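Student: I have not seen this structure before. Could we go through some of the labels and the reasons for them?

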Amino acid sequence: MLVTGAAGFIGANFVLQALQRDPDLDITVIDALTYAGNRASLSTVEDRITFVQGDIADRELMDKLVADTDLVVHFAAESHVDNSLDDPSPFITSNIIGTFSILEAVRKHGKRLHHISTDEVFGDLELDSPEKFREDTPYDPSSPYSASKAASDHLVRAWIRSFDVQATLSNCANNYGPYHHVEKFLPRQITNILTGQRPKLYGAGVNVREWTHVDDHNAAVLLILEKGKIGETYLIGSGEERQNKDVLTELLDVMGQPADAYDFVPDRPGHDLRYAIDSTKIRNELGWAPQYSTLREGLEATVDWFRGNEWWWKPLKEQTEAKYAKLGR
């Protein structure tokens with residue numbers, strides 16, 4: 001198995017879970033180790049994997065790596081909306097050119113591919129709408145990040161249809177859990193509280209997200225690899241929809257803080273209103289269900305991890321907050 005972006009948040013957790021399930025797996029990982037990649041996330045399995053530092057947009061490198069594997073699980077992506085608004089160029093290179101590079105390699109060598117994407121490719125939903133995203137929902141991305149991921153999804157589907165590439169796709173709701181970069185909403189608020197700073201909330205905090213624990217997401221990916229139908233897309237979501245302010249309030253309660261112990265900051269441009277996933281297909285066809293039955297249960301586990309792993313997140317914190325201060329967020 002070749003796992004791209006495996007020093008990132010979801011990819012690292014995938015490698016850890018895959019090896020826990022099958023200790024005999026032969027896994028090669030590739031990661032460019034940009035600011036969001038952290039090799040320390042794989043420190044507990046360092047002696048059980050082959051680590052390659054490299055760029056997925058390097059076609060010669062990807063050709064060599066794909067030739068020596070059976071299966072590619074493609075997590076690698078620039079993924080932070082705020083960064084895409086500040087400088088879209090890395091998102092075009094990684095998410096579009098990088099995916100093209102992988103597709104050409106798997107096409108040439110006849111390998112199996114699973115492509116990881118996001119619910120943000122669908123745009124957003126009205127706050128009071130009963131609608132949810134489905135596999136056939138038209139794409140309507142709002143940010144450079146989601147537009148670049150939408151483009152990568154379209155490339156994968158085109159290669160499936162035009163070149164008979166053996167691939168599956170999945171789009172997931174917001175993830176949270178261990179090894180989550182402190183620039184993201186939940187780990188930023190958790191580490192703010194742990195370092196004596198007040199949490200921050202965009203705008204009025206009414207934007208709605210669906211929250212899925214990273215272990216549940218990766219369990220779904222492993223199930224797709226085992227049982228998924230080639231050419232199909234599967235949407236992965238816990239069903240746990242919350243307004244951002246309610247998520248923050250629950251987090252404050254988990255961490256023993258007053259419900260109003262946070263500050264508002266200016267909203268990000270083009271902030272999507274609501275994401276919500278209809279995960280009926282993967283539940284009915286493949287039998288997936290989240291193991292974290294409630295958001296609170298997942299938050300408690302995540303807070304426990306951050307409390308116990310300051311060594312991992314503390315070096316990232318100061319740099320991240322300095323960047324947000326420059327952006328006024």
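Student: Why is Y179 called buried or exposed?

Tutor: Buried means under 20% relative accessible area, exposed over 50%, and partly exposed in between (1.4 Å probe, protein chains only). Y179 has a relative accessible area of 9%, so Y179 is buried. This is a predicted model, in which local features need pLDDT of at least 70 and side-chain atom pairs count only at pLDDT 80 or more, while totals for chains, interfaces and linings use all residues. Residues are numbered from 1 along each chain as its sequence is written, and side-chain values use heavy atoms, with hydrogens and water left out.

Student: Where is Y179 found?

Tutor: Y179 lies in the loop between strand 7 (174-176) and helix 6. Helices (H or I, at least four residues) and strands (E, at least two) are DSSP runs, numbered from the N terminus. The phi of Y179 is near 65 degrees, a positive value in a residue other than glycine.

Student: What makes helix 6 mostly covered?

Tutor: Eight of the ten residues of helix 6 (residues 185-194) are buried. Among them are L186, P187 and R188.

Student: Why does D164 count as buried or exposed?

Tutor: The relative accessibility of D164 is 56%, so D164 counts as exposed. D164 sits in the loop between helix 5 and strand 6 (166-172), and its phi, near 60 degrees, is positive in a residue other than glycine.

Student: Why does E131 count as buried or exposed?

Tutor: E131 counts as exposed because its relative accessibility is 51%. The loop that holds E131 runs between strand 5 (112-118) and helix 5 (144-163).
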